[in-house]
Structure formats: C-alpha cells, structure tokens
Amino acid sequence: MVEISTSVLSVKEEEAVKTFYNLETAKTDYFHIDVMDGKFVKQNTIEKMQTYTNVIKQISNLPLDVHLMVEDVEANIDAYLPYEPNLITFHIEACKDKQEVLKHIQYIKENNAKVGIAIKPNTSIEEIYEYLPLIHLVLVMTVEPGYGGQKLIPETIQKVKQLREYINENNLQIDIEVDGGINIENKEELKHTGANILVVGSAIINSDNYKDTIKKIKETI
Ligand code: DX5
Ligand code: ZN
C-alpha cells in the first residue's frame, strides 16, 4: 500500500488550520512542505511554509516531509531542524559537487532526520546512484519544480521503474517518492512502478472530500 504525503503548497492561508486538521482526519500519512526560495525556482514560499509548519506542529503529530527547492540547502536545513522533520529532501541540482551532497547527507542524518535526494525531470536517475547506500529516499519529480497544479510528465514514470529495479538489484532499502501532478485519473500510470510514497497537492486540496480522494488514490497502487 502506498503512502500519501499531502503537499500544503495549495492550501489557502485563511483556511490553513481547518485544512490541516481535516487532512489529518482524512488520514494523510505526511504533510509535504514545499520550500521554495525564489532562486532555485521562481516562487518564494519561505515565509508561507514556515507559517504552515508552525501551525501544523501545534495541531498535529503527523510526520513532516520537507522538500527543499532552494539554492542554499544548509541554511534551509537549519531553518527546519527545530520542527524535528521526519524527512528532509534536497535537490541534487542545487549542489555544486559530490562533497556538498555528502555534506548535506551527513548533516541531516546527524540531526536525526531521514535524508532524501530529489531529482528534476531532466536529471538522469544514474546521477544519484552513488548516493543510494547513504540515503533513505529518492524524490522523483514528475513535474518541473516550482508550482502546484501542473500535469504529470509521462516520461518521468520510466525513471521510477528504472530506479526501483536498480534498488532491488542492489538489495537496498530505499523509498521512492513521486511528486507533482498526481491524481485519481493518472494513478494507473503509477501502478507497479515501485513508487511507495505519492505526493499529492491540488488533487486533494481542491477536492470536496479529502478522505475519499486519499482513499481512492491509495487503494489503486
Ligand atoms: C512542486 C512541488 C509539488 C507540488 C505538488 O514544485 O514540489 O510538491 O506542490 O502539487 P500538485 O499535486 O498540485 O502537483
Ligand atoms: Zn514537493
């Protein structure tokens, strides 16, 4: 059974408390916090995501799945450590070299969070193979990072299958999270790909029954 990590990017500020409470009741498995710095991607959600994370921490014990779409990875890791996130994921494309990737992996682990590496649609999956023994999760972007409500890019599905095969061949225990444009209509495409955590934003937030939407997406894979 896959897990659902609901992206809070599309949550309306004036309805935040009610929305987070309803998402917990609807049995989302994680809250997916989309941190964007206006440099790595055009949007800047730094303030909004901090506000939302503060609210979530006051009303819920569900795990935080922090997705850093930022250039300054270390500073943003530091910004989220006080919230004791379950998982912090950074983009391989934001790192200048292997040393920097290894430094972030080490730093996140030292601070008792799980480590994820995210890759954009155009980044080849082979680029992260060497880090797999050191991390807990790979986040395969199924849209270009930067906005909610986009359409899933079909070519990214093959990357997930290839990654799962490689992980299995090498007897590694690693979660694969897919992120962007996922909904009830395209759930079939994700069947048997080996993705075990689905990030879903607008398809849940814009639906009139969170519990029903989460159940429908979960039961398919
Ligand atoms: C995009 C974010 C995704 C996005 C998902 O850069 O990383 O998490 O918010 O939202 P939907 O499901 O609406 O594509
Ligand atoms: Zn995300």
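Me: How much area does the chain expose, and what share of it do carbon and sulfur atoms supply?
Reply: Happy to start with the surface; keep in mind that this is a predicted model. The chain exposes about 10,100 Å². Of that area, the share supplied by carbon and sulfur atoms is 46%.

Me: What percentage of the residues count as buried?
Reply: Here a residue is buried when its relative accessible area is under 20%. Applied to the 221 residues of the chain, that cut-off gives a buried share of 52%.

Me: Which charges does the chain carry on its side chains, and how far apart do the centres of the two sets lie?
Reply: Counting side chains, there are 23 positive and 35 negative ones. Take the centre of each set, and the distance between the two is 4 Å.

Me: How many helices and strands are there, and why can the chain be called as compact as a globular protein of its length?
Reply: The secondary structure comes to eight helices and eight strands. For 221 residues the globule rule gives 17 Å, and the chain is close to that value, so it is as compact as a globular protein of that length. Along the principal axes, the C-alpha atoms fill a box of roughly 40 × 35 × 30 Å. The radius of gyration behind the comparison is 16 Å.

Me: What share of the contacts with a separation of 6 or more comes from residues 24 or more positions apart?
Reply: Contact here means heavy atoms within 4.5 Å. Among the chain's contacts with a separation of 6 or more, residues 24 or more positions apart account for 68%.

Me: Which residues touch the most other members of the largest nonpolar core?
Reply: That core has 67 residues, and Phe20 is one of those that touch the most other members. Leaving aside neighbours within four places in sequence, Phe20 is in contact with Val8, Val11, Phe31, Tyr52, Val55, Ile56 and Ile59. There is also a second, separate core of eight residues, including Tyr30, Leu87, Ala118 and Val143. Back in the largest core, the residues you asked for are Phe20, Ile33, Ile128, Leu163 and Leu198.

Me: Is Glu84 buried or exposed?
Reply: Glu84 sits in the loop between helix 3 (73-80) and strand 4 (87-91). Its phi is positive, about 50°, although Glu84 is not a glycine. With a relative accessible area of 64%, Glu84 is exposed.

Me: And His192, buried or exposed?
Reply: Look in the loop between helix 6 (187-190) and strand 8 (197-200) for His192. His192 is not a glycine, yet its phi is positive at about 60°. Its relative accessible area is 72%, and the cut-off is over 50%, so His192 is exposed.

Technical notes: Residues are numbered from 1 along each chain as its sequence is written. Chains are lettered from A and ligands numbered from 1 in the order in which they are written. This is a predicted model: local features need pLDDT of at least 70, side-chain atom pairs count only at pLDDT 80 or more; totals for chains, interfaces and linings use all residues. Side-chain values use heavy atoms; hydrogens and water are left out. Helices (H or I, at least four residues) and strands (E, at least two) are DSSP runs, numbered from the N terminus. The radius of gyration is taken over C-alpha atoms; the globule rule is 2.2 Å times the number of residues to the power 0.38. Buried means under 20% relative accessible area, exposed over 50%, partly exposed in between (1.4 Å probe, protein chains only). Accessible areas come from the Shrake-Rupley method with a 1.4 Å probe; for residues, only the protein chains shown count as cover. Lys and Arg count as positive and Asp and Glu as negative; His and the chain ends are not counted. The place of a charge is taken as NZ of Lys, CZ of Arg, CG of Asp or CD of Glu. A nonpolar core is a set of buried Ala, Val, Leu, Ile, Met, Phe, Trp, Tyr and Cys residues joined through side-chain atoms within 4.5 Å.
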